[in-house]
Amino acid sequence: MRDAYIVGAGQSKYGAFPDESYRSLFATAFEEALGSAGGVEAADIDEAVVGSLGVGGRQLGLSGPAVTEHVGLHGVPCSRIENACAASGYAVRQAVQAVKSGMADVALAGGYEVMTDMSGDVAKYWLGVSGETEWERLTGTTFAGVYAQMASAYLDAYDASPDHFSKVAVKNHANGAKNPKAHLGFECSLDDARSAPVVADPLNLYHCCPTSDGAAAVLVASEDVASACDDAVRVAGVGAASERVGLFQRDSYTAVESSERAAAAAYEMAGLGPDDVDFAEVHDCFAIAELLAYEDLGFCERGHAPELVDSGATELGGDLPVNPSGGLKSKGHPIGATGAGQVVEAFKQLGGRAGDRQVSGANVGLTHNVGGSGGAAVVHVLEGGAL
Amino acid sequence: MSADDSARATPGIAGVGAYVPRLSLPASAYREAWGKGGAPGVERVAVADADEDTLTMATEAGRRALDAAGVDASDIGHLAFATTTPPNDEEESAVRLVSLLGVAPSVPTRQFGGSTRAGAVALAATVEATRDSDAGAGTGSGGPALVVVADSPRGAPESDEAAGAGAGAAALVLTDDAPLAVDAVGEFGDPAPGTRFRGFGSAETESIGVTQYERDAYTRAVGGAVEALGIDVAELDPDAVALTAPDGKLPYRAAAALGVEPARIAAGTVVSRTGDTGAAGPFLGLASALADSEDDAAGDESNGRSPATSVLLVGYGGGAGATALALSTRASDAASDASATSATSAVPVEADLDGDVELTYAEALRRRGTITGGEPAGGGAYVSVPTWKRTIPQRHRLVAGECTECGALSFPPEGACPDCGSLAGYDDATLPGTGTVEAATAIGQGGAPPEFVEQQQRAGSFPVAVVAFDGPDGEADDRAVSAPAQVVHSPAGTPAIGDRVEAVPRRIYEQEGVVRYGFKVVPTEARRE
């Protein structure tokens, strides 16, 4: 199969925007993506794949065409992917497949979500829809609750403490404070992160990402198209895997098997390994998820994520910066946009256009997007300067 | 029935179970809140938790009775359920109880209600039904009978009824050869309107409050039913008299009419510890009297009484009527042996009669739902009732599956085997309900998803665990299967990983007006001694 390249990527700001609609947010992301792709025009787009959970139920049916027709991609086939928080990571993967297979020369992948225009009770309903519904959800667990259960198992199994969760929050806020598009773009102290109110024991508010509005868009193209573009990032590897939706159905509560499988597949396709990765955007919906990601992605051995956090290696300026964008914690988590948004950050980093948060010498970047508590995961390994 | 029927096998009581909620409101808290005393002679009232009702309490009592009698639920041949406060005014509660207990669906069920006499009526009717059947209540094809009585009366918050309202359930296993025989049944009815009643569609019991009129109605009905027994009370010489007890004074007013010492009434009365438990009152009194022993193993303070060998049980219902049953230890071959003593209880009893968690008045109002709202706008996770119905064996009785291919356990038993991936299917494998916490959290107050908001308003933060349930052979089984469950009565809040837990029947949530029953778990360490 031929290679696929990211030739443009953009996103709206993430945050709470009462004056914006899901369509207008998507239009902002699309325009930025198109603007960043010198050499590709809207009329070149053969195919579109859009990710959204549909929080609030605003356009559950046909939400793909609803946004692509809105931005003028009249007639372009568009399908919507629903894989909870991994929706648009999977949308990027679908676009890569379309280009690699030869069915499309230019494919648009993106995602959107609006999560802040509803009452807390309605939001809590929607936040729980990706847990296993009949059993897990009906014990009264929330999304935070399931990750808290994973955190409890992790703290029991390894030499770790809730302080490690707080340190992840401090790091990601420090990065997000340098990202003008971040939802919570402020720094926080370790004391702030330690003393926040408990949400689901042992996770406190600073161990949980916010709910955000936002959209992201990525243009994937063939080598022929990419060679005429200003910037092109090669999709060196892509991997994805599913896992049983309910935590109680899994073999392990301290590892996300779908992430592990997705990473292994992406590394294999890329012919690269974790040691080759210069930075990563990982799915830190909860601080425990970032620790698990370090291990699932092979950045360290099982049980050694706390050491990696303590070493500072994953901070900006460390050996392996993780979530230079601020991650879900600080940049924000508009569910359907998150996975594509990670690729937007990687595109910027690999093009050397990430401003104050630029990872120096970034050549290989990894994005890691997880749905629910691990029912779906998708990993991309992206390589800059390839053309 | 009268004593000259003795040629026929007479059903008797082979085991007794009792369950009173762990939460209680002390009279002092009521006094502090209202600036007046509560119900006369009541030191504390039991309060059902936010996820308990008469059906969950009935299940708890039923399981204890079966356990005490050493009888399998699947062997039960007749089930009677009595309550004045079923979860729904109209709907088969007894059928849900059958499922929660694991009694066979083909077993005849009889539901009784309408007045606090209902429990005694249920017992009398069950004795009559099983006595007359060809099978009997013994070892024949009919099998033992189970009588379960549960009640959780309510009153308007400012009323005397509310001041005394308690909660509890008791259950009796009946067999032909049981040690405590039902010797006689007596009934009496005489209109006394306004003494204790509840209007159509109302949740609150009331009375017109004419004190002497109500006392007279009570003593007349109770006395009349005992007289109708056709036996000499002095000759029966009951160790305990177990009467319906709306408060802690009324039962004693019947002492003179019955010709018994107040101490005998005290021996069969628990209202001071539980509050008004409606139809269940006399049965909780019976359980207490049979459980009495000089060094009480149940953990109550020893009252120095020996277990009762004869009991007079009388159910009274406002309006007014009463049903009396005379119970006495059957002379058996064993009992006539010189080695037999009368100092140990003839009937095995498994009873939790005392709460161990005291509430403030405001907490009690929250638990009862008096001052809380319902499900918030926005709706909850939607699991359709037919979908829920398909999982009832799992929710009610923890029926897991054993893969027909590899023998691994699966819960719920559907889809591909988690071990070998086979779609061959599963054989039923009922789990005993014991297990070990594998992962746990607590959902903080205000953090619950919409369908659990009302529970959280009533009872606050709740822990949720993933539990590795022991296989069918219990702890000895080297297989386990995981399922998520809420944790109740966890003194430490979030349970620790590795803690042992046991399943208990609870209301899970209510949607579309339909209560969904299932299991939660209680830490084994925190079980009542």
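These are short notes on two chains, A and B, of a predicted model.

1. **Two annotated regions in chain A.** UniProt places "domain: Thiolase N-terminal" at residues 6-224 of chain A, in an unreviewed entry. A second annotation, "domain: Thiolase C-terminal", covers residues 239-383 of chain A and is also from an unreviewed entry. Treat both names as coming from the record.

2. **What these regions are made of.** Residues 6-224 of chain A are 38% helix and 17% strand. The end C-alpha atoms of that stretch are 12 Å apart. Residues 239-383 of chain A are 33% helix and 16% strand. Here the end C-alpha atoms are 15 Å apart.

3. **A sheet in chain A.** Find the open sheet of nine strands in chain A. Its order is β3-β2-β4-β7-β1-β8-β11-β10-β9. The pairing is mixed. As background, strands of a sheet pair through backbone hydrogen bonds, either parallel or antiparallel. From one strand of this chain A sheet to the next, the twist averages 25°.

4. **The edges of that sheet.** Which strands stand at the edges? They are β3 (78-81) and β9 (279-281) of chain A. Each has a single partner strand, so one side of each is left without a neighbour in the sheet.

5. **One edge pairing up close.** Follow β9(A) to strand β10 (residues 364-371) of chain A. Three bridges join the two strands, which run parallel. One residue to look for is A:E281: its bridge partner in β10(A) is A:T367.

6. **A helix across the strands.** Helix α3 (residues 87-101) of chain A lies across eight listed strands, among them β1 (4-11), β2 (47-51), β7 (214-222) and β8 (233-242) of chain A. The strands it crosses also include β4 (106-113) and β11 (376-383) of chain A. Against β4(A), the helix runs at about 170°.

7. **Two domains in chain B.** The domain assignment gives domain 1 (9-368) and domain 2 (385-399 + 428-526) of chain B. Note that domain 2 of chain B is written as two segments. The C-alpha centres of the two domains lie 29 Å apart.

8. **Where the chain B domains touch.** The contact takes 17 residues from domain 1 of chain B and 13 residues from domain 2 of chain B. On the domain 1 side, the elements that give two or more residues are α2 (54-69), α3 (93-101) and α13 (361-368) of chain B. Of these, α2(B) gives the most, with four residues.

9. **The character of that side.** How many residues of each class does the domain 1 side of chain B have? It has four nonpolar, four polar and nine charged residues.

Notes. Residues numbered from 1 in each chain as written. Chains lettered and ligands numbered in written order. Predicted model: local features only at pLDDT ≥ 70, side-chain atom pairs only at ≥ 80, totals over all residues. UniProt positions renumbered as here; feature names shortened; annotations may be inferred. Domains from an automatic or database assignment. Contact = placed C-beta atoms within 7 Å. Nonpolar A, V, L, I, M, F, W, Y, C, P; charged D, E, K, R; others polar. Pairing = 2+ DSSP bridges. Axes fitted to C-alpha atoms, helices over the stretch in contact; angles between N-to-C directions.
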